[in-house]
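Trainee: I should like to take a close look at a single part of this protein. Could you please guide me through one strand and its surroundings?

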Amino acid sequence: MSTAAMAGAAMLASLGALAPAAPLAAQATASSDYRNIIANNMRSCAPGGGPAIRVTINGIKEASGMVRAQVYNGTSADWLERGRWLNRVELPARRGRMTVCLPVPESGTYAVAVRHDINGNGKTDIRTDGGAMSNNPSISIFNLGKPSVDKTRFSVGRGVQSIAITMKYFT
């Protein structure tokens, strides 16, 4: 397996347990602050809405399976840790581009992870599934697909913060 394929496989493995990263100003404090599965309500990202993150997901390989977007507090204690995501939106995949709205509890620092489960089996299939993270960090065999929160976090104010991320696939 090539170095790029091994790096990609490691990134997908870490995305399989997508977890949240806590914001510097807005830390989740109770277990009820985590693991909220929500609808993709774009009204929360309309002008005057927020605080929320409008995520444009580019490069979705095919219209099969499910796309899952999760927002984490922007801390190393939460970023990609199992069960530490704040809000999750899950939708049937559409080829090309999709947009989701991820509300956040308050202004602060957050990070986003996205996974495309191409066959919809709920498992990470390293050779086919795709993944992406806020700020589009490079992935290498050396960081095992889990870039530091410093490379993925960004600030969200009282309004709507728009970000664009690009999916990465290994095949």
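Mentor: What follows is an account of strand S2 and the parts around it. The model is a predicted one, in which local features need pLDDT of at least 70 and side-chain atom pairs count only at pLDDT 80 or more, while totals for chains, interfaces and linings use all residues. Residues are numbered from 1 along each chain as its sequence is written, and side-chain values use heavy atoms, with hydrogens and water left out.

The confidence of the predictor in each residue, from 0 to 100, is called pLDDT. The protein has an average pLDDT of 85, and 78% of the residues score at least 70. Over residues 1-27, however, pLDDT stays under 50.

Strand S2 covers residues 52-60, and Asn58 lies in it. Strands (E, at least two residues) and helices (H or I, at least four) are DSSP runs, numbered from the N terminus. Asn58 is buried, its relative accessible area being 18%; buried means under 20%, exposed over 50%, and partly exposed in between, with a 1.4 Å probe and protein chains only. Leaving aside residues up to four places away in sequence, Asn58 touches Gly96, Arg97, Ala164, Ile165, Thr166 and Met167, where contact means heavy atoms within 4.5 Å. With the side chain of Arg97, the side chain of Asn58 makes a polar contact of 2.7 Å. Such a contact is a pair of N or O atoms within 3.5 Å; within protein, one must be able to donate a hydrogen and the other to accept it, and residues adjacent in sequence count only if both atoms are side-chain atoms. Between the C-alpha atoms of Asn58 and Arg95, which are 37 residues apart along the chain, the separation is 9.0 Å.

The strand also takes part in a nonpolar core, that is, a set of buried Ala, Val, Leu, Ile, Met, Phe, Trp, Tyr and Cys residues joined through side-chain atoms within 4.5 Å. The largest such core has 26 residues, and Ile53, Val55 and Ile57 are among those with the most contacts inside it. At least two residues of this core come from each of S2, S3 (66-73), S4 (85-92), S5 (96-103), S6 (108-117), S8 (154-156) and S9 (160-166). S2 provides the largest share of this core, four residues. Beyond four places in sequence, the residues that Ile53 touches include Cys45, Cys101, Leu102, Val112 and Phe154.

Two of these partners, Cys45 and Cys101, are joined by a disulfide with an S to S distance of 2.1 Å; the term denotes a pair of cysteine sulfur atoms within 2.5 Å. The link of Cys45 and Cys101 is right-handed, with 90° about the S-S bond. Cys45 lies in the loop between S1 and S2 and Cys101 in strand S5, so the disulfide ties together parts that are 56 residues apart in sequence. Cys45 is buried at 7% relative accessible area, and Cys101 is buried at 1%. The structure holds one disulfide.

The loop between strand S1 (36-37) and S2 also contains Pro51. The peptide bond from Gly50 to Pro51 is cis, with omega near 0°. Most peptide bonds are trans.
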